[in-house]
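Visitor: Got a few minutes to walk me through this one? I'd like to hear about helix ends, charged pairs and the odd backbone angle.

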Amino acid sequence: MWWPAALAAVVALCLGVPALVAGGGSSSASVAAAPASDSPEAGFARDMATHHQQAIDLSFIVRDRTDNAEVRNLAFDVINTQANQRGMMMGWLDQWGLTQSSPAKPMAWMKMDYQAHDGSLMPGMATNAQIDQLKQLSGTQAEVFYLQLMVEHHKGGVGMAQGYVDLAKNAAEKRLAQSMVTAQSSEIQLMTDMLAARGAKPLS
């Protein structure tokens with residue numbers, strides 16, 4: 001499950017370093033301009049990377065639980081898009097000389113006190129019990145539950161991305177966050193329609 005994210009991180013790092021050097025003029029200037037570890041820039045990159053990883057994991061699960069082309073194509077798109085975005089965020093953290101994890105609570109940069117439970121670390125994230133349930137389903141049942149989980153996941157992702165857009169000081173990261181808001185909002189509607197075609201509704 002890890003290889004798309006790892007590949008994307010390498011690509012993002014390779015593409016990002018020349019841009020950083022070109023924009024900053026020197027390595028010392030680049031380091032000076034790097035955001036602090038407790039900044040919204042670093043917090044969003046870390047938290048959204050974690051959020052994305054679960055979406056990737058859920059999509060790999062459903063890919064193997066159904067033969068439906070529509071759902072498998074959606075899962076493939078989620079895997080590739082979010083692995084690429086995750087790689088970009090991990091690459092930025094590396095360029096900034098920051099760790100990819102932090103002792104701070106998830107969403108602290110948004111001043112949000114989300115009560116993590118059963119593996120759900122941030123809004124929209126599925127619980128361990130829900131992931132285990134998805135692994136036990138197949139066919140239409142797996143498709144429906146995956147779509148329901150991903151609608152909730154995207155809602156949480158949109159909220160986090162918009163939260164960063166409202167606080168952003170890094171133009172490139174803000175553009176990425178805004179693209180997430182636009183794309184995932186559209187996918188929420190798509191997945192809601194896919195649920196309706198299967199006689200189901202979102203969880204909330």
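Guide: Sure, and one term first: a polar contact is a pair of N or O atoms within 3.5 Å; within protein, one must be able to donate a hydrogen and the other to accept it, and residues adjacent in sequence count only if both atoms are side-chain atoms. As for the ground rules, this is a predicted model, where local features need pLDDT of at least 70, side-chain atom pairs count only at pLDDT 80 or more, and totals for chains, interfaces and linings use all residues. Residues are numbered from 1 along each chain as its sequence is written, and side-chain values use heavy atoms, with hydrogens and water left out.

Visitor: Fine. How many helices and strands has the chain got?

Guide: Seven helices and zero strands. Those are DSSP runs numbered from the N terminus, with H or I over at least four residues for a helix and E over at least two for a strand.

Visitor: OK, helix ends then. What sits at the start of α4?

Guide: N68 does something there: one of its side-chain oxygens comes to within 3.1 Å of the backbone nitrogen of E70. After α4 comes G97, with a positive phi near 75°.

Visitor: And how far apart are the end C-alpha atoms of α4?

Guide: 39 Å, which agrees with the expected span, because 27 residues at 1.5 Å a residue should give 39 Å. The expected span is 1.5 Å times one less than the number of residues. Helix α6, residues 139-165, also has 27 residues, and its first and last C-alphas are 38 Å apart, close to the 39 Å expected.

Visitor: Is α6 mostly covered or mostly open?

Guide: Mostly covered, with 21 of its 27 residues buried. Buried means under 20% relative accessible area, exposed is over 50%, and partly exposed lies in between (1.4 Å probe, protein chains only). For the chain, 45% of the 204 residues count as buried.

Visitor: Let's pick a residue in α6. Where is E143, and is it buried or exposed?

Guide: E143 belongs to helix α6. It counts as buried because its relative accessible area is 6%.

Visitor: So what does E143 touch?

Guide: Setting aside neighbours within four places in sequence, its contacts are V62, T66, N68, V71 and R198; contact means heavy atoms within 4.5 Å. With T66 there is a side-chain to side-chain polar contact of 2.6 Å. With R198, the side chains form a salt bridge at 2.8 Å, N to O. That pair ties distant parts of the chain together, R198 in the segment after α7 and E143 in α6, 55 residues apart. A salt bridge here is a side-chain nitrogen of Lys or Arg within 4 Å of a carboxyl oxygen of Asp or Glu.

Visitor: Which other residue does R198 meet in a salt bridge?

Guide: E70, at 3.3 Å, N to O. This one also links distant parts: R198 follows α7 (171-197), while E70 is in α4 (residues 69-95), 128 residues away. E70, E143 and R198 are thus joined in a salt-bridge network.

Visitor: Why does E70 count as partly exposed?

Guide: Because its relative accessibility is 42%.

Visitor: How many salt bridges does the structure hold?

Guide: Five. One of the others pairs D113 with K105, at 2.7 Å, N to O. D113 counts as exposed at 54% relative accessibility, and K105 is partly exposed at 46%.

Visitor: What about G43, how far is its C-alpha from that of K105?

Guide: 9.5 Å, with their positions 62 residues apart along the chain. G43 sits in helix α3, residues 40-63, and counts as buried at 10% relative accessibility.

Visitor: Last topic, odd backbone angles. What is phi of K111, and of D118?

Guide: K111 has phi near 55°, positive in a residue other than glycine, and D118 is another non-glycine with a positive phi, near 50°. K111 lies in the loop between α4 and α5 (128-136), and D118 is in the loop between α4 and α5 too. K111 is exposed at 79% relative accessible area, while D118 counts as partly exposed at 40%.
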